[in-house]
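Work through the exercises below with the structure open. Try each task before reading its solution.

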Amino acid sequence: MNLTDLEELGLKNVGNVYRNLDYDALIQHELERGECTLTDKGATSVDTGVFTGRSPKDKFFVDRDPSNKYIAWGDVNKKVSSKIFEELLAVAQEQLSNKDIYVTDVFCGSSAASKKSVRFVSEVAWQSHFVKNMFIRPTASELEVFKSDFTVLNACKAVNTKWKEHGLHSEVFVLFDIENNIAIIGGTWYGGEMKKGIFSMMNYWLPLEGKLAMHCSANVGKEGDTALFFGLSGTGKTTLSTDPYRALIGDDEHGWDNHGVFNFEGGCYAKVINLDPSSEPEIYSAIKSGALLENVAISEDGEVDYADDSKTENTRVSYPIEHIPNHKEDLMAGHPENIIFLTADAFGVLPPVSKLSKEQAMYYFLSGYTAKVAGTERGITEPVATFSACFGEAFLPLHPTVYAKLLGEKIDEHKVNVYLVNTGWTGGAYGVGKRMSIKDTRACINAILDGTINKSEFRTTKTFRFSVPNTLGDVNPHVLFPREAWADKDAYDIARDKLAQMFIDNFAKYQTEDSEFDFSKAGPKIGS
């Protein structure tokens, strides 16, 4: 990279340019600069400051033609004027001028037909390390001819002192100028802003090309059968897609084009709160030299206390996917045979496994449901329903139905089976029932993946009208049909209808006069 390139980015009097350093050099830089601590396993650890998660209320898109005609404006995708963007771009440029900087060139997307080239510029060594972990690392020959499709200026040390005058949310800014292929970050050190920022852009670019961007994990069997796992936090997406008998394609972000499924990333970003080597040995073993921990507690001798949540419950580790031995080296596979929607239903209403029609798949994809436990204080605690369109609403610049339509087309074209798997509660809601056993959940997943579930006889449940197998291996039939697992059947009926109404109320926003399609008939019907 030469100074002309940096001047084109508006950076002046730049000192040393550390471009695409290898892991050893990056680790040396972040340790010598006092940015990170070395752990006893060889991983480095960083404290990301005040921000231990993303700042979604500080994320804006520039209101320009033609992207403003495609973006679904609202609470998720907020507008900022080009004038304000230019002001804050100058703030970011000034912050990154007159000093040494780190430049990291990566690919997002393992499919040659769909990948994007992204350049990250920062004054912080560990942020270069983070994106090197998370994205696909070009070869030496690819770096020689690298030309970025999109650039991120991470000026995390800068803040917007005029945020009230600008009508923004805070002094933090995460802004995207789609037409000029640039994003700027200020006021937050959290690395996940870079990861999810590019994911949001892939969710913009790909659907306009007829390709689907997905917030899911993926793996592939020895016979080449691909499976996708959608699910919000706490549903088991990472755990259930990590399978010793199947190769991991990726744990979080994927695309689906005419050639099949492909990972956007070249690494994993796993939660490590209460990490246990016996239950998650692959993640535990991946935490070694090259891995970058975030906001964990470390003793003087470098030992990590994964149970310590004094800084945050959102403790994380990023690492290259090569740290997982059983991964698909090219990060790609064919069109999926099975799609699994994961939900942790804390109301204890949904079956452990249901086979969905295409219309039901669209309905529950747009619903993106899970339920979180409100707290653990004495007595029974009421669960809280969470609906996130397409299991990733925060990262969807386009209207959710755009993604649902694409998914439906691909399900039809490739004759994909779709299932809803409940990893939540059975025999009652949280506080009365118990969490679905991992053994039973694994049995459901295995039956889907090996096809034995298709040998079962199915019957349709009341209200939600799910198609549920009468028997499934060693899984107790009473567990398969939740009402039978509840001691108080009337209480189940009340809970079922209450949850059904939550689905109906949530889905109402998709039932407008100008809706291209209406999948509400595939949802629950109270009294049916």
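Two strands count as paired if DSSP finds at least two bridges between them. The model used here is predicted.

**Exercise 1. Strand pairing**

Task: In which sense do strand 2 and strand 3 pair, and over how many bridges?

Solution:
- Step 1. Strand 3 covers residues 44-46, and strand 2 pairs with strand 3 over three bridges. The rule asks for at least two.
- Step 2. The sense is antiparallel.
- Step 3. One bridge can be named: L38 has T44 in strand 3 as its partner.
- Step 4. Now place the pair in its sheet. The sheet is open, has five strands in the order 2-3-17-20-16, and its pairing is mixed.
- Step 5. At the edges lie strand 2 (36-38) and strand 16 (267-271), each paired on one side only.
- Step 6. On average, neighbouring strands of this sheet are turned by 25° against each other, direction ignored.

**Exercise 2. A salt bridge between separate elements**

Task: Why does the salt bridge of E87 and K162 tie together separate parts of the chain?

Solution:
- Step 1. Check the contact. The two side chains, E87 and K162, come to 2.9 Å, N to O. The cut-off is 4 Å.
- Step 2. Locate the partners. E87 is in helix 3 (residues 82-96), while K162 is in the loop between strand 8 (150-155) and helix 6 (163-166), so the bridge joins parts 75 residues apart in sequence.
- Step 3. Judge the surroundings. E87 is partly exposed at 23% relative accessibility. K162 is also partly exposed, at 32%.
- Step 4. Set the pair in context: the structure holds 27 salt bridges.

**Exercise 3. Two contacts of one lysine**

Task: Which glutamate does K116 bridge to, and over which ring does its charged end sit?

Solution:
- Step 1. The glutamate is E209, with the closest N and O atoms 3.8 Å apart.
- Step 2. K116 belongs to strand 7 (residues 116-122) and E209 to the loop between helix 7 (192-205) and strand 11 (212-220), so this bridge spans 93 residues of sequence.
- Step 3. K116 is buried, at 16% relative accessible area. E209 is partly exposed, at 41%.
- Step 4. The ring belongs to W205: the charged end of K116 sits over it, 5.2 Å from the ring centre.

**Exercise 4. A bridge within a network**

Task: Is E253 buried or exposed, and which residues share its salt-bridge network?

Solution:
- Step 1. E253 is buried, with 0% relative accessible area.
- Step 2. Its partner K195 is buried too, at 2%.
- Step 3. The closest N and O atoms of E253 and K195 are 3.2 Å apart.
- Step 4. E253 lies in strand 14 (residues 253-257) and K195 in helix 7, 58 residues apart.
- Step 5. Shared partners join K195, K196, K237, D252, E253 and E265 into one network.

**Exercise 5. Ring geometry**

Task: What is the geometry of the aromatic pair F230 and F391, and of W425 and Y430?

Solution:
- Step 1. A ring pair is described by the distance of the centres and the angle of the planes.
- Step 2. For F230 and F391 the centres are 6.1 Å apart and the planes stand at 40°, so this pair is tilted.
- Step 3. F230 is in strand 12 (residues 226-231), and F391 is in the loop between strand 25 (383-387) and helix 11 (400-414), 161 residues apart. Both are buried.
- Step 4. W425 and Y430 are edge-to-face, at 5.5 Å centre to centre and 80° between the planes.
- Step 5. W425 is buried at 12% relative accessible area, and Y430 at 19%.

Notes
Residues are numbered from 1 along each chain as its sequence is written. This is a predicted model: local features need pLDDT of at least 70, side-chain atom pairs count only at pLDDT 80 or more; totals for chains, interfaces and linings use all residues. Side-chain values use heavy atoms; hydrogens and water are left out. Helices (H or I, at least four residues) and strands (E, at least two) are DSSP runs, numbered from the N terminus. Buried means under 20% relative accessible area, exposed over 50%, partly exposed in between (1.4 Å probe, protein chains only). Axes are lines fitted to C-alpha atoms, for helices over the stretch in contact, and angles run from 0 to 180 degrees between N-to-C directions. Rings of Phe, Tyr and Trp (its six-membered ring) pair if their centres lie within 6.5 Å; planes under 30 degrees apart count as stacked, over 60 as edge-to-face and the rest as tilted. A charge sits over a ring if NZ of Lys or CZ of Arg is within 6 Å of the ring centre and within 35 degrees of the ring normal.
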